[in-house]
Amino acid sequence: MLTYSVEQLPYFDAAFYDRARAELSKVAELTVPPRDANAFEVPAGHFLRIVSVEGPQVGDLNLWNAHDLSERFYSGKTRALHATHLSTGDRLWSTFPRLRPMATITHDTLDWYGWDEDGAGVHDVIGTRCDPYTNLLLKGTEYHHCCHSNLTRALARERNLPLAEAEVHVHDVMNVFMCTGYTRDTHQYFMKASPVRPGDLIEFFAEIDLLVALSACPGGDCGAGHSDDTAKCYPLKVEVHRPHESALTGWQSPPPNKYSRSHGTR
Ligand SMILES: [Zn+2]
């Protein structure tokens, strides 16, 4: 049986999101340079679009509550509640004790990909992020433009934090546009070239005020390698859109989880 019965989760009201995204005004646009990251805010009730431009490029996504960095995207629980790979209708859940939807995926031009003959899919929450520690462990060399370092620098810049203080807030990502799976024989994590092409996009509805960081992975389309300068890399475009006010009538940010937090002591 499935570990979690997702029928109990807050219902994905497709009609509501469709109505909200029907009339949008773009309020911000920025570019994430290749092998680098940017951090920016997306207010609750706005849409975030990550758009492929120029060439196939994977993005590593981190989300925080804009007012409290201790509430951040919980990749493991999101995977357990939804699936190893996400698409329209899935939520990005936050860490304990709040455990609530931070964002909802409202559009995905790669949803046609589904599962391929190797069992791979797009937009996984099974990878962590490429990082300089694992790289040193496996290759014995230092590389400074892994997604972990890119996200760390972007957060430090955005929040004016010392690098070491920013680093502890960086967490396991959603691998936007990345094509991954587990090998059938040994169940090991594999990647293959992303099917993403310029014009493709994934869109999220911000359920709470978000601080977002996005890294354009040094792996490029992640068809060969990462954690070095060999792959061809491209920028990613980010857009923030505001829906018409009337479309959000009656909508509210999801409240934090109501568990008593007594943990059996009362
Ligand atoms: Zn990466």
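**Aromatic pairs and the strands around E9**

At 57% relative accessibility, tryptophan 112 counts as exposed. The model under discussion is predicted, and its aromatic residues offer a convenient way into the structure.

Nine aromatic pairs are found in the structure. One of them joins tyrosine 74 to phenylalanine 96 in an edge-to-face arrangement, with 5.3 Å centre to centre and 85° between the planes. Tyrosine 74 belongs to the loop between strand E5 (68–72) and helix H2 (75–81), while phenylalanine 96 belongs to the loop between strand E6 (91–93) and strand E7 (101–108), so this pair ties together parts that are 22 residues apart in sequence. Tyrosine 74 itself is partly exposed, its relative accessible area being 26%.

Tryptophan 112, introduced above, forms an aromatic pair with tyrosine 113, and this pair is edge-to-face, at 5.5 Å centre to centre and 65° between the planes. The two partners can be set side by side: tryptophan 112 is exposed, whereas tyrosine 113 is buried, with a relative accessible area of 17%. The cut-off for a buried residue is under 20% relative accessible area, so tyrosine 113 falls into that class.

Aromatic residues are also grouped elsewhere in the model. Phe12, Phe16, Tyr17, Phe47, Phe205 and Trp251 form one aromatic cluster.

From the aromatic residues, the account turns to strand E9. This strand covers residues 174–182, and eight of its nine residues are buried, so E9 is largely enclosed by the rest of the structure.

Which strands pair with E9? Strand E4 (residues 59–65) pairs with E9 in the antiparallel sense over three bridges. Within this pairing, glycine 59 stands opposite valine 176 of E9. Strand E8 (residues 121–124) also runs antiparallel to E9, and three bridges join the two. Here threonine 180 in E9 is the bridge partner of glycine 121. Strand E10 (residues 189–192) pairs with E9 over four bridges, again in the antiparallel sense.

The pairing of E9 with E10 can be followed into its turn. Tyrosine 182 stands opposite tyrosine 189 in E10. Together E9 and E10 form a hairpin, with six residues between the two strands. Histidine 187 lies in the turn of this hairpin and has a positive phi of about 55°.

Taken together, E9 is a largely enclosed strand with antiparallel partners that include E4, E8 and E10.

Technical notes
Residues are numbered from 1 along each chain as its sequence is written. This is a predicted model: local features need pLDDT of at least 70, side-chain atom pairs count only at pLDDT 80 or more; totals for chains, interfaces and linings use all residues. Side-chain values use heavy atoms; hydrogens and water are left out. Rings of Phe, Tyr and Trp (its six-membered ring) pair if their centres lie within 6.5 Å; planes under 30 degrees apart count as stacked, over 60 as edge-to-face and the rest as tilted. Buried means under 20% relative accessible area, exposed over 50%, partly exposed in between (1.4 Å probe, protein chains only). Two strands pair if DSSP finds at least two bridges between them.
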